[in-house]
Amino acid sequence: MGALLSLPLLAIPSLGTLMSFGASCCGAAACSAICNRCGVFKSSMATRIAYAFLLLINSIVSWLMLTPWALKKLEHLTLDYVNISCQGKQCYGYVAVQRVNFALGLFHLILSILLLGVKSSRDGRASLQNGYWGPKVIVWLAFVVLTFFIPETFFQIWGQYIALAGAMLFVLLGLILLVDLAHTWAEYCLEKIEDHDSRGWRVLLIGSTLGMFTASFAMTIIMYIFFAKSGCAMNQAAITINLIVLLLITTISVHPTVQEYNPKAGLAQAAMVSVYCTYLTMSAVSMEPDDRHCNPLIRAKGTRTASIVLGAIVTMLTIAYTTTRAATQGIALNGNSSHAYSKLGDDDGEHGLVDQQPNSRREMRAEALRAAVEAGSLPANALDDSDDDDDDSDDGRGGKDDERGGTQYNYSLFHVIFLLATTWVATLLTQNIDYEATGVAAVGRTYWASWVKIVSAWVCYAIYSWSLLAPVFMPGRFGN
């Protein structure tokens with residue numbers, strides 16, 4: 001990773017070469033070490049930040065590979081001794097982007113398989129997830145290099161079919177998790193209000209709901225003013241449909257029948273879904289090409305290159321953040337929880353008493369606490385507190401290990417979602433490539449990307465509507 005961060009130094013080959021090797025040893029490993037030293041971050045958080053950073057760097061490199069500039073710099077790094085070619089064809093552009101993202105996707109696929117079944121950091125394989133950053137970065141870079149020896153035909157098939165399918169699955173997964181987040185947020189606030197009669201939580205819930213609805217209508221007005229002029233039928237249709245569906249789902253969420261079967265449904269969830277879908281629609285119309293003079297942002301005066309670079313970086317940051325959130329929230333999709341405590345004796349239907357000799361004093365205490373939790377004398381989270389008190393959750397590197405009692409997220413699912421994210425990045429970057437462009441490439445400024453966002457908003461509305469109506473049509477399955 002450090003080698004990639006040293007690209008600005010490539011203008012001076014010898015210095016760039018030396019600095020790249022030094023930086024390579026300090027990339028993600030340094031990120032993890034710094035986070036582990038910081039009391040605010042815990043081991044699992046540092047790990048997630050490092051993987052998100054790796055995806056960010058990979059995405060930026062993929063973006064740079066859209067032009068011959070990156071390959072020229074790589075050849076310059078080798079003092080022009082290596083002439084990079086791909087079976088006599090261009091190494092930059094469509095195939096190059098697919099190669100770089102395939103390398104990171106393969107990296108995450110292998111980790112996903114190796115980490116199957118890891119339940120806590122006590123499993124020896126957990127170190128593959130949270131440590132060995134130097135070797136992992138080297139393996140990733142080696143995969144990137146090796147992909148340039150794979151025939152171009154493979155990546156044409158991969159990009160047109162497999163990566164495209166993975167990208168659509170990633171988008172759908174993100175929409176499902178967004179709806180789940182809307183319900184979770186509203187129910188959490190309602191729980192706090194009911195349990196503590198908290199005025200602060202009530203103000204937060206009402207204020208955030210009003211704020212999100214206000215933002216939704218404000219964005220709609222802005223879109224009508226700047227992006228829905230005469231002749232812009234696509235924009236007019238997208239904005240109008242979004243507004244109609246927004247009002248429709250808001251009405252459904254407070255309908256008496258829906259409230260009867262799902263009392264916790266309400267305006268808070270509708271507001272979060274509405275503001276997100278309106279944002280998607282606004283992003284779509286503001287990033288479409290200007291061949292029909294419907295996007296004044298492209299015609300605005302200013303530094304075009306700076307605008308493209310800033311837009312690309314913001315897009316990559318958003319993808320990295322969204323992927324990390326989706327990967328850690330993905331636990332909601334498989335119904336498991338790292339903090340779900342099983343009863344003693346569940347496996348064989350036997351008594352819940354301890355029937356094995358503990359191996360240490362710490363284990364004896366853990367068994368006693370589990371028995372107390374089973375008897376109802378202590379809350380379930382006492383098991384986590386026990387781990388923290390015993391060894392201060394030491395991870396062996398001077399940091400705090402918050403996963404000794406159970407992982408904070410499913411490791412394998414985490415890497416599967418990152419694999420899907422690499423397919424989304426590759427698909428986003430390779431739609432309607434302009435091979436005639438000599439400068440930096442704009443990210444997502446195509447009709448394909450705009451329609452993906454517009455349709456994604458509609459799908460998100462549909463998923464949320466079904467979450468409201470499903471208990472009405474299938475009360476037996478969604479009974480309280």
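Biologist: Which residue does Asp123 form a salt bridge with, and how far apart are the closest N and O atoms?
Modeller: Asp123 is bridged to Arg125, with the closest N and O atoms 3.4 Å apart; a salt bridge here is a side-chain nitrogen of Lys or Arg within 4 Å of a carboxyl oxygen of Asp or Glu. Please keep in mind that this is a predicted model, in which local features need pLDDT of at least 70 and side-chain atom pairs count only at pLDDT 80 or more, while totals for chains, interfaces and linings use all residues. Residues are numbered from 1 along each chain as its sequence is written, and side-chain values use heavy atoms, with hydrogens and water left out.

Biologist: How many salt bridges does the structure hold?
Modeller: The structure holds 1 salt bridge.

Biologist: And are Asp123 and Arg125 buried or exposed?
Modeller: Asp123 is partly exposed at 24% relative accessibility, and Arg125 is likewise partly exposed at 30%. The classes are buried under 20% relative accessible area, exposed over 50% and partly exposed in between, with a 1.4 Å probe and protein chains only.

Biologist: What about the overall make-up, how many helices and strands are there?
Modeller: The protein chain has 20 helices and 0 strands, where helices (H or I, at least four residues) and strands (E, at least two) are DSSP runs numbered from the N terminus. Buried residues account for 43% of the 480 residues in the chain.

Biologist: What share of the contacts join residues at least 24 apart?
Modeller: Taking contacts between residues at least 6 apart in sequence, 75% join residues at least 24 apart, a contact being heavy atoms within 4.5 Å.

Biologist: Let's go inside. Which residues have the most contacts in the largest nonpolar core?
Modeller: Those are Phe107, Trp140, Val273 and Trp424, in a core of 73 residues. A nonpolar core is a set of buried Ala, Val, Leu, Ile, Met, Phe, Trp, Tyr and Cys residues joined through side-chain atoms within 4.5 Å. Helix H19 (residues 411–429) gives the largest share of this core, 11 residues. There is also a second, separate core of 6 residues, which includes Val95, Phe102, Phe155 and Trp158.

Biologist: Take Val273, then. Where does it lie, and what does it touch?
Modeller: Val273 lies in helix H13 (residues 267–287) and is buried, with a relative accessible area of 0%. Not counting residues up to four places away in sequence, Val273 touches Leu178, Ala182, Ile249, Cys460, Tyr461 and Tyr464. In the case of Tyr464, the two residues are 191 apart in sequence, but their C-alpha atoms are 7.6 Å apart in space.

Biologist: Back to H19. What does the side chain of Thr427 reach?
Modeller: Thr427, which is found in helix H19, reaches the backbone oxygen of Thr423 with its side chain at 2.7 Å. Thr427 is buried, at 1% relative accessible area. Leaving aside neighbours within four places in sequence, Thr427 is in contact with Ala163, Leu164, Ala167 and Trp448.

Biologist: What does Ala167 touch, seen from its own side?
Modeller: Ala167 touches Thr423, Trp424 and Thr427, again without residues up to four places away in sequence. Ala167 sits in helix H9 (residues 152–196) and is buried at 0% relative accessibility. The C-alpha atoms of Ala167 and Ala421 are 6.9 Å apart, although the two residues are 254 apart in sequence.

Biologist: And Val100, buried or exposed?
Modeller: Val100 counts as buried at 3% relative accessibility, and is found in helix H6 (residues 94–114). Beyond four places in sequence, Val100 touches Asn58, Val61, Ser62 and Met65.

Biologist: Switching to the backbone, what is phi of Tyr132?
Modeller: Phi of Tyr132 is near 55 degrees, a positive value in a residue other than glycine. As a general point, most residues other than glycine have a negative phi. Tyr132 lies in the loop between helix H7 (126–130) and helix H8 (133–147).

Biologist: Last one, on the outside: which residues make the nonpolar surface patch of about 380 Å²?
Modeller: That patch is made by Ile221, Ile222, Ile225 and Phe226. Patches are built from residues with over 30% relative accessible area and no salt bridge, with like charges joined within 9 Å and nonpolar side chains (Val, Leu, Ile, Met, Phe, Trp, Tyr) within 5 Å. Phe226 is in helix H10 (residues 199–227) and counts as partly exposed at 45% relative accessibility.

Key:
A polar contact is a pair of N or O atoms within 3.5 Å; within protein, one must be able to donate a hydrogen and the other to accept it, and residues adjacent in sequence count only if both atoms are side-chain atoms. Accessible areas come from the Shrake-Rupley method with a 1.4 Å probe; for residues, only the protein chains shown count as cover.
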